[in-house]
Amino acid sequence: LVALLGLSLAAGLGEEWLFRGVLQAGLLQWGGGLPVPLAILIVGIIFGVCHWITPLYFLLATITGIYLGWLYWATGSLVAPVLAHALYDFIALVVIVRRQADPAVKQYPGADAQPE
């Protein structure tokens with residue numbers, strides 16, 4: 001759990017620094033600055049693209065990126081989005097690791113299906 005927590009904090013810190021601290025803040029200052037909602041939307045979409053696994057995951061990651069962008073704007077600090085991102089990653093990693101450790105859980109659809 002300590003390793004998963006460390007990984008989650010590192011990912012949360014690194015990604016939020018890049019997406020919110022650099023990209024979003026940069027878009028808000030670049031060329032006189034974009035409107036806040038547009039900057040949050042653009043960075044949220046970039047966040048979704050960078051997390052693309054499936055179209056649904058892209059959509060969910062984009063929504064999460066928009067939320068994290070709003071959180072950064074609303075608080076004026078990276079602390080809240082870093083902690084929210086790290087908490088999400090930690091919970092997701094714990095679920096993944098526990099599912100892989102449980103032999104009763106199928107690892108993929110049709111894992112116990114017999115070929116015809």
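A charge counts as sitting over a ring if NZ of Lys or CZ of Arg is within 6 Å of the ring centre and within 35 degrees of the ring normal. Keep that handy for the second exercise.

This is a predicted model, where local features need pLDDT of at least 70, side-chain atom pairs count only at pLDDT 80 or more, and totals for chains, interfaces and linings use all residues. Residues are numbered from 1 along each chain as its sequence is written, and side-chain values use heavy atoms, with hydrogens and water left out.

**Exercise 1. Work out which pattern the chain follows along the sequence.**

Start with the elements: helices (H or I, at least four residues) and strands (E, at least two) are DSSP runs, numbered from the N terminus. The chain has 4 helices and 0 strands. Reading along, you get α-α-α-α.

**Exercise 2. Find out how the rings of Phe-19 and Phe-47 are arranged.**

First, the rule: rings of Phe, Tyr and Trp (its six-membered ring) pair if their centres lie within 6.5 Å; planes under 30 degrees apart count as stacked, over 60 as edge-to-face and the rest as tilted. The chain has 3 aromatic pairs by that rule. In the one between Phe-19 and Phe-47, the centres are 5.0 Å apart and the planes meet at 85°, so it's edge-to-face.

Next, place the partners. Phe-19 belongs to helix α1 and Phe-47 to helix α2 (residues 36-50), so the pair ties together parts 28 residues apart in sequence.

Now check burial, where buried means under 20% relative accessible area, exposed over 50%, and partly exposed in between (1.4 Å probe, protein chains only). Phe-19 is buried at 5%, and Phe-47 is buried at 3%.

Finally, use the opening definition: Arg-20 lies over the face of Phe-47, 4.9 Å from the ring centre.

**Exercise 3. Is Gln-24 buried or exposed, and which residues does Gln-24 touch?**

Gln-24 sits in helix α1 (residues 2-29). Its relative accessibility is 0%, so Gln-24 counts as buried.

For touching, contact means heavy atoms within 4.5 Å. Leaving out residues up to four places away in sequence, Gln-24 touches Phe-19, Ala-39, Ile-40, Val-43, Gly-69, Tyr-72 and Trp-73.

**Exercise 4. Which residues is Ala-86 in contact with, leaving aside its neighbours within four places in sequence?**

Begin in helix α4, where Ala-86 is found. Ala-86 is buried, with a relative accessible area of 5%. With those neighbours set aside, Ala-86 is in contact with Ser-8, Leu-9 and Gly-12. As an extra step, look at Glu-15: Ala-86 and Glu-15 are 71 residues apart in sequence, and their C-alpha atoms are 9.8 Å apart in space.

**Exercise 5. Work out how the contacts in the chain with a separation of 6 or more are shared out, and how much of the chain is buried.**

Contacts come first: 55% of those with a separation of 6 or more are between residues 24 or more positions apart. Then burial: buried residues make up 25% of the 116 residues in the chain.
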